[in-house]
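The questions below ask what lies behind the terms used for a structure of this kind. Each answer should set a value against its cut-off before it concludes.

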Amino acid sequence: MRVPQRTMKPETAINVEETIALEERYQLATYKKMPVVAERGEGVWIYASNGERYLDLYGGHAVAATGHCHPRVVKAITQQAGKLLFYSNLVYSETRARAAEKLVSVAPELLTRAFFCNSGTEANENAMRMARMTTGRENIITFSGGFHGRTADAISATFLGKYRELGKPNVPGHLQAEFGDIESVRKLADESVAAIMLEPIQSMAGVKLAPPSFYRAVRELCDQRGIILIYDEVQTGIGRTGEWFFAGSEAGGGIVPDIITLAKALGSGIPVGACLVTDRVASHIKENDLGTTFGGGMIAMAAVTATLEAIEVDDMLENVRRVEAYLRDRLKEIEQVVSVRGRGFLLGLEFAGKAKPIHEALLDRRIITGTSSDANVLRLLPPLCLGQGEVDLFVDALAGVLRTQ
Ligand SMILES: Cc1ncc(COP(=O)(O)O)c(C=O)c1O
């Protein structure tokens, strides 16, 4: 049955209830939404259409790394929009050239080339395909608790909760190892294996990190057996951990994978994904092996360059490290916080009880946080420009919430 169209003029504002009712009516109900009608954003703040302002410690799924509407990003995409919205990879573009150069310049030295696409799942699909092309093998090892996206190959690589089930029938050749357990990887890593792919900090699983020795052992195993190592840095990349990438970091044992996949923060909210690859991988990829219409489009590329520049110019990596230390320190005041997991601004606060009621009570106090598939963990993925004053607001609100629960 066709639903009658609303007769309102397009310029007439609609109120909060009407907005919610329209979305509920016309959009598939795939997400449980917060009762917030987001209208505009600035830095770490989201302004709702009813005039209320929310402290955003979630960044719209870790996307708003440079903060909402960073002026450098807004200016870059606005200027680009006035020149050329899009042309595909069939032509060269100064905007694309600059973005590729800039991204490679902040990457670990061994990663010398970029492939641009549109999302995290697409980056992972292409990374696995490149590993198969490079090695001539088919199987992929991934880990319990890892999340890699929702398209066929990526969801088949996702051994977290019910996700893999949702992708049935799964792509064959996906093998599951235990995160942090090198013996479980060794048992599977035979000559059929093209790649080992891991989310170096398992975010959705509840912000889980392995010891540095684990990442080093995985790298060694890959070297010994000719396997491509893929880091899914869709969440950890682009400054989130207080460094450009988890790859190469001390927490990760200093090792660098053969491919890094990126998305989320890379375009500050303009959809863009990327694979960064070594010379060895690049040498196996020929014309027409990979492709995507929108990958490398000009608006996205302008957003990438401006995002990376904003992080640099505003010294956000240093800010993440400093403010993380301050937050960890202040959280010591709250005895209900059993542990603080993660690195930089990818943090999981573990409680003895459920995190969901805490998340909801914080939302009542206009603070947006995230949950995870670990029911006791509250996830924080704030913009990289979060300051100490906002940490104080959060910690004081958290203490208040916990007093009343
Ligand atoms: C680690 C990781 N990999 C891949 C993805 C998929 O990214 P996208 O939703 O852009 O496809 C996500 C999304 O949450 C993610 O967190």
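Q: What makes the approach of Gln-235 to an oxygen atom of the ligand a polar contact?
A: A polar atom in the side chain of Gln-235 lies 2.9 Å from an oxygen atom of the ligand. A polar contact is a pair of N or O atoms within 3.5 Å; within protein, one atom must also be able to donate a hydrogen and the other to accept it, and residues adjacent in sequence count only if both atoms are side-chain atoms. The distance of 2.9 Å is within 3.5 Å, so the pair qualifies. This is a predicted model, in which local features need pLDDT of at least 70 and side-chain atom pairs count only at pLDDT 80 or more, while totals for chains, interfaces and linings use all residues. Residues are numbered from 1 along each chain as its sequence is written, and side-chain values use heavy atoms, with hydrogens and water left out.

Q: How do you know that Asp-232 and Phe-147 also make polar contacts with the ligand?
A: An N or O atom in the side chain of Asp-232 is 2.7 Å from a nitrogen atom of the ligand, and a backbone N or O atom of Phe-147 lies 3.4 Å from a nitrogen atom of the ligand. Both distances stay within the limit, so both pairs count. On its own the ligand has 390 Å² of accessible area, and the protein covers 81% of that area, as computed by the Shrake-Rupley method with a 1.4 Å probe (for residues, only the protein chains shown count as cover).

Q: Why are Ser-119 and Lys-264 counted among the residues around the ligand?
A: A residue is near a molecule or strand if one of its heavy atoms lies within 4 Å of it. The residues around the ligand include Ser-119, Asn-124, His-148, Glu-199 and Lys-264. Helix α5 (residues 120–135) gives the most to this shell, with three residues; helices (H or I, at least four residues) and strands (E, at least two) are DSSP runs, numbered from the N terminus.

Q: Why is Asn-124 called buried?
A: Buried means under 20% relative accessible area, exposed over 50%, and partly exposed in between, with a 1.4 Å probe and protein chains only. Asn-124, which is placed in helix α5, has a relative accessible area of 0% and is therefore buried. A polar atom of the Asn-124 side chain also lies 2.8 Å from the backbone oxygen of His-148.

Q: What makes Phe-143 and Phe-214 an edge-to-face pair?
A: The structure holds nine aromatic pairs. In one of them, the rings of Phe-143 and Phe-214 are 5.9 Å apart, centre to centre, with 80° between the planes. Rings of Phe, Tyr and Trp (its six-membered ring) pair if their centres lie within 6.5 Å, and planes under 30 degrees apart count as stacked, over 60 as edge-to-face and the rest as tilted. The centres meet the distance limit and the angle is over 60, so the pair is edge-to-face. Phe-143 in strand β5 (residues 139–143) and Phe-214 in helix α9 (residues 212–225) are 71 residues apart, so the pair links distant parts of the chain. Phe-143 has a relative accessible area of 1% and is therefore buried, as is Phe-214 at 2%.

Q: How do you know that Phe-179 pairs with Phe-214, and what is the geometry?
A: Their rings are 5.7 Å apart, centre to centre, with 75° between the planes, which makes this pair edge-to-face. Phe-179 lies in the loop between β6 (174–177) and α8 (182–188), so its pair with Phe-214 ties together parts that are 35 residues apart in sequence. At 17% relative accessibility, Phe-179 counts as buried.

Q: What puts the charge of Arg-40 over the ring of Tyr-47?
A: A charge sits over a ring if NZ of Lys or CZ of Arg is within 6 Å of the ring centre and within 35 degrees of the ring normal. Arg-40 lies over the face of Tyr-47, at 4.0 Å from the ring centre, and Lys-162 lies over the face of Tyr-163, at 5.0 Å from the ring centre.

Q: Why is Ala-325 described as partly exposed?
A: Ala-325, placed in helix α12 (residues 316–331), has a relative accessible area of 45%, so it is partly exposed. Asp-315, in the loop between α11 (298–313) and α12, counts as partly exposed at 48% relative accessibility.
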